[in-house]
Amino acid sequence: MNFTVPLFSVTLLYYCVILFFNISLVLLIVLDESLHEPMYILLSSFCINALYGTTGFYPKFLSDLLSSSHRISYEGCLLQAFVMYSFACCDLSILTVMAFDRYMAICRPLHYHSFMTKRRLSQLVCFSWLTPFCVFAINVLLTARLKLCGIKIQRALCLNWLIVQLACPETDTFSNNISAYVMIVIYHFHYVFIIWTYIYIIKTCVRSREDRVMFMQTCVAHLTSVIINAIVMAFDAMYLRFGSRDLPQSLQNFIALEFLIIPPVMNPLMYGFKLTKIRNRILSLIYLKGK
């Protein structure tokens with residue numbers, strides 16, 4: 001039985017849902033001046049990154065479903081690998097900056113507004129985007145120099161480690177391995193920093209009812225996003241390195257695509273329902289349209 005048409009329809013619908021949720025949240029924040037605060041600006045950056053990452057995969061995947069030839073050029077494969085890795089690590093960088101923002105707001109409230117100026121916020125947003133872009137540009141350039149002996153990737157998308165595995169046996173991949181481990185260490189420190197901020201946030205919230213309310217309103221969605229990110233990335237990384245090829249191809253593809261399926265929809269939904277200002281704004285828009 002041919003499942004191409006149903007799969008194409010479901011994937012297209014899901015991609016449209018991703019676009020709708022994330023673009024709606026970005027426009028809501030941009031157009032509403034009351035939401036021009038660091039937390040919401042970082043959230044809009046988070047949604048823009050989701051659009052960036054999913055656009056690097058879904059249009060190509062949809063076109064492949066309609067084509068009898070599932071091919072991609074070497075340059076296109078390297079570009080997709082760069083987009084996938086930079087998207088995933090931008091997510092973590094933005095979550096790290098958001099954790100720092102919540103730490104300052106709850107643990108250092110008297111210094112928050114003097115520290116989190118527009119200039120400082122711009123620097124933090126640039127850090128969360130430019131760091132992964134620069135790091136993975138180096139990684140992809142190291143991969144581009146490799147001589148490949150294989151041409152087939154057993155996944156629905158290109159990833160840097162999968163391209164490296166196609167290198168000829170005599171090719172030196174030592175620098176690629178070192179680069180990969182350096183990046184793993186860098187982004188593990190992001191998780192360590194997030195844990196450190198939440199230790200202090202929870203300590204502060206235990207002493208104050210007002211801070212506990214702020215925690216429930218602004219930190220629960222962020223903490224949930226961090227947990228989802230950590231689980232999806234850890235599961236994908238372990239499977240990429242140690243996974244069995246005996247699993248059905250459809251299950252292998254789902255595992256590889258988790259980070260493009262779950263977070264881009266879950267994050268805008270969680271923040272939309274949990275952040276009071278955004279929820280109230282959405283409800284007011286729905287109420288006005290219903291009149």
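This section describes the overall fold, three helix pairs and four individual residues of a predicted model.

The secondary structure of the protein consists of 12 helices and 0 strands. Read along the sequence, the elements follow the pattern α-α-α-α-α-α-α-α-α-α-α-α. The C-alpha trace spans about 60 × 50 × 35 Å along its principal axes. The radius of gyration is 21 Å, which agrees with the value near 19 Å that a compact globule of 291 residues would have. Of the 291 residues, 46% are buried. Among contacts between residues at least 6 apart in sequence, 76% join residues at least 24 apart.

Three helix pairs were examined, two of which involve helix H8. Two packed helices are described by the angle between their axes and the distance between the axes. Helix H4 (residues 74-107) packs with helix H8 (residues 174-207) at an angle of about 25 degrees, and their axes are 9 Å apart. Angles under 35 degrees count as roughly parallel, and H4 and H8 are therefore roughly parallel to each other. The crossing of H4 past H8 is left-handed. On the H4 side the contact is made by Cys89, Leu92, Ser93, Leu95, Thr96, Ala99, Phe100, Arg102, Tyr103, Ile106 and Cys107. These residues meet Tyr187, His190, Tyr191, Phe193, Ile194, Trp196, Thr197, Tyr200, Ile201, Thr204 and Cys205 in H8. By class, the contact of H4 with H8 comprises 16 nonpolar, 5 polar and 1 charged residues.

Helix H8 also packs with helix H6 (residues 118-144), the axes coming within 9 Å and crossing at roughly 165 degrees. Angles over 145 degrees count as roughly antiparallel, and H6 and H8 are therefore roughly antiparallel to each other. This crossing, too, is left-handed. The residues of H6 in the contact are Phe127, Thr131, Pro132, Val135, Phe136, Asn139, Leu142 and Thr143. Their partners in H8 are Ser175, Asn176, Ser179, Met183, Tyr187 and His190. The contact of H6 with H8 divides into 7 nonpolar and 7 polar residues, with no charged residue. Tyr187 and His190 of H8 appear in the contact with H4 and also in the contact with H6.

The third pair is formed by H1 (residues 4-31) and helix H3 (residues 58-65), whose axes come within 10 Å of each other and cross at roughly 160 degrees. H1 and H3 are therefore roughly antiparallel to each other. H1 passes H3 in a left-handed crossing. Thr4, Leu7, Phe8, Thr11, Leu12, Tyr14, Tyr15 and Ile18 in H1 are in contact with Tyr58, Pro59, Phe61, Leu62 and Leu65 in H3. The residues of this contact are 11 nonpolar and 2 polar, with no charged residue.

Individual residues were then considered. Leu28 is located in helix H1. With a relative accessibility of 11%, Leu28 counts as buried. Apart from neighbours within four places in sequence, Leu28 is in contact with Leu35, Ile278, Arg281, Ile282 and Leu285. Leu28 and Gln217 are 189 residues apart in sequence, and their C-alpha atoms are 19 Å apart in space. Leu269, in helix H11 (residues 263-274), has a relative accessibility of 28% and counts as partly exposed. The C-alpha atoms of Leu269 and Asn22 are 9.0 Å apart, although the two residues are separated by 247 residues in sequence.

Asn160 lies in helix H7 (residues 160-164). The relative accessible area of Asn160 is 6%, and the residue is buried. Beyond neighbours within four places in sequence, Asn160 is in contact with Ala81, Tyr85, Asn139, Val140 and Thr143. Of these partners, Asn139 and Thr143 also belong to the H6 side of the contact with H8.

Asp211 is found in helix H9 (residues 209-242). At 14% relative accessibility, Asp211 counts as buried. Residues up to four places away in sequence aside, Asp211 touches Ile106, Thr204 and Cys205. Ile106 of H4 and Thr204 and Cys205 of H8 are also among the residues through which H4 and H8 meet. The C-alpha atoms of Asp211 and Ala105 are separated by 9.6 Å, with their positions 106 residues apart along the chain.

Conventions:
Residues are numbered from 1 along each chain as its sequence is written. This is a predicted model: local features need pLDDT of at least 70, side-chain atom pairs count only at pLDDT 80 or more; totals for chains, interfaces and linings use all residues. Side-chain values use heavy atoms; hydrogens and water are left out. Axes are lines fitted to C-alpha atoms, for helices over the stretch in contact, and angles run from 0 to 180 degrees between N-to-C directions. Helices (H or I, at least four residues) and strands (E, at least two) are DSSP runs, numbered from the N terminus. Angles under 35 degrees count as roughly parallel, over 145 as roughly antiparallel, 65 to 115 as roughly perpendicular and the rest as oblique. A crossing is left-handed if the near helix is turned anticlockwise from the far one by less than a right angle, and right-handed if clockwise. Contact means heavy atoms within 4.5 Å. Ala, Val, Leu, Ile, Met, Phe, Trp, Tyr, Cys and Pro count as nonpolar, Asp, Glu, Lys and Arg as charged, and the others, Gly among them, as polar. The radius of gyration is taken over C-alpha atoms; the globule rule is 2.2 Å times the number of residues to the power 0.38. Buried means under 20% relative accessible area, exposed over 50%, partly exposed in between (1.4 Å probe, protein chains only).
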